Amino acid sequence: MNYKDYYAILGVPKNAPEKDIKSAYRKLARKWHPDANLNNTKEAEDRFKDISEAYEVLGDSEKRRKYDVLGSDWQQASAQAEQQRRYRTSQNEPFDFGGFSNAGGAGSGFSDFFDMFFSGGGGARRTANANVGARRGQDLETTIELTLRDAYDGGKKSVSLQVEDACARCRGTGTENGRLCTVCHGTGRVLQNKKFDITIPRGIGDGQRIRLSGQGGTGTAGGASGDLFLVVKIAEDPTYKRKGSDLYVDLPVSLYDLVLGAEVKVPTMAGQVTMSIPEGTQNNRLMRLAGKGMPNVKGAAAGDEYVRLIGQLPQSLTDKERKLFKELSGLRNGKK
Ligand SMILES: [Zn+2]
């Protein structure tokens, strides 16, 4: 049996933080995934297996700690494991070798070195968690894109989302009949599309989360499922810009509406309304329609809608218009 240097396999230093280990694993797993190495399958499979095994240990803080402590002393650990195995057989109790018992399993598909450490000398199934008991499933998170209209109206919506879930083929164990699972290639996780019926709170905003209780990762050994969190992303709206609960809209108006005052139609999320422009209004003025913004997700007062008046100056004047504008200009400049 050979000592496995999991740090070397992932190409990370012994003190590498968790996130570096994860990103090294992801990079290597992508590179050596058997599906991406079709003319080099054998090497890819071996590499992928090593990488998965290394991450199985280093990606789990508990296993990593034990590997760090006992890994270099593996021969002694091996002898101890053998002793423990005999003990277990005679006691018919879940094997517990310093807590190494609940992963790997006999014929995990990983190396003998891994099995020696993490299988409990045979018997304990990777997912059994026999000495740990039920374990709650993971909380998962994914992004959901909603329109401004979805956020304004709120209510029920059926959505299809890609979520990471336990592999159904191997039930998240990563192995099948002692071999790496052919579906998830040992990761125990797969991405799949699932339909969800969600309830959108009125006024929900960018970056806020919707929790789907019990729709996360499947628990093990009878443990409850985790939750699924949907992180909301509101798609850009062609009409409105949103700032908090307030909405902003640009409204083109004629020169005459600004100069003489007018009643104009303005779009709001609740439908068109009529707004009065006072005589002598300056171009680019921001008018406020109180309470016409977004509902407040916490139930407080709704936001406002701000309407920016964008004056449109007349172009291609007729002779008569030109004459009248000149006359107006003359009046303004004190000439008759
Ligand atoms: Zn699988």
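Which residue stands opposite Leu228 in E7? The tour of this predicted model reaches that position at its second stop, after the helices.

**First stop: helices H2 and H3**

Select residues 18–32 for helix H2 and residues 41–58 for helix H3. Two packed helices are described by the angle between their axes and the distance between the axes. Here the axes come within 9 Å and cross at roughly 165°. An angle over 145 degrees counts as roughly antiparallel, and H2 is therefore roughly antiparallel to H3. The crossing of the two helices is left-handed.

Next, display the side chains at the contact. From H2, select Ile21, Tyr25, Leu28, Ala29 and Trp32. Their counterparts in H3 are Ala44, Arg47, Phe48, Ile51, Tyr55 and Leu58. By class, the residues of this contact comprise 10 nonpolar, no polar and one charged.

**Second stop: the sheet E1-E7-E6**

Select strand E1 (140–146) and strand E6 (209–212), then add strand E7 (residues 228–234). These three strands form an open sheet in the order E1-E7-E6, with mixed pairing. E1 and E6 stand at the edges, and each has a single partner strand, so one side of each is left without a neighbour in the sheet. Averaged over the sheet and with direction ignored, neighbouring strands are turned by 30° against each other.

Now restrict the view to E1 and E7, which pair in the parallel sense over seven bridges. Centre on Leu228 in E7: the residue standing opposite is Leu140, which answers the opening question.

**Third stop: two residues with positive phi**

Most residues other than glycine have a negative phi. The remaining two selections depart from that pattern.

Select His185, in the loop between strand E4 (179–180) and strand E5 (189–200). His185 is not a glycine, yet its phi is positive, at about 55°. Is this residue buried or exposed? With 20 other C-beta atoms within 10 Å, His185 is buried; the threshold for that class is 20 or more.

Finally, move to Ser316, in the loop between strand E13 (305–312) and helix H9 (319–332). Ser316 also has a positive phi, of about 45°, although it is not a glycine. Around Ser316 there are 5 other C-beta atoms within 10 Å, and the residue is exposed. Showing both loops together sets buried His185 beside exposed Ser316, each with a positive phi.

Key: Residues numbered from 1 in each chain as written. Predicted model: local features only at pLDDT ≥ 70, side-chain atom pairs only at ≥ 80, totals over all residues. Axes fitted to C-alpha atoms, helices over the stretch in contact; angles between N-to-C directions. Helix = DSSP H or I, 4+ residues; strand = E, 2+ residues; numbered from the N terminus. Parallel < 35°, antiparallel > 145°, perpendicular 65-115°, else oblique. Left-handed = near helix turned anticlockwise from the far one by under 90°. Contact = placed C-beta atoms within 7 Å. Nonpolar A, V, L, I, M, F, W, Y, C, P; charged D, E, K, R; others polar. Pairing = 2+ DSSP bridges. Buried ≥ 20, exposed ≤ 12 C-beta atoms within 10 Å, placed from the backbone.
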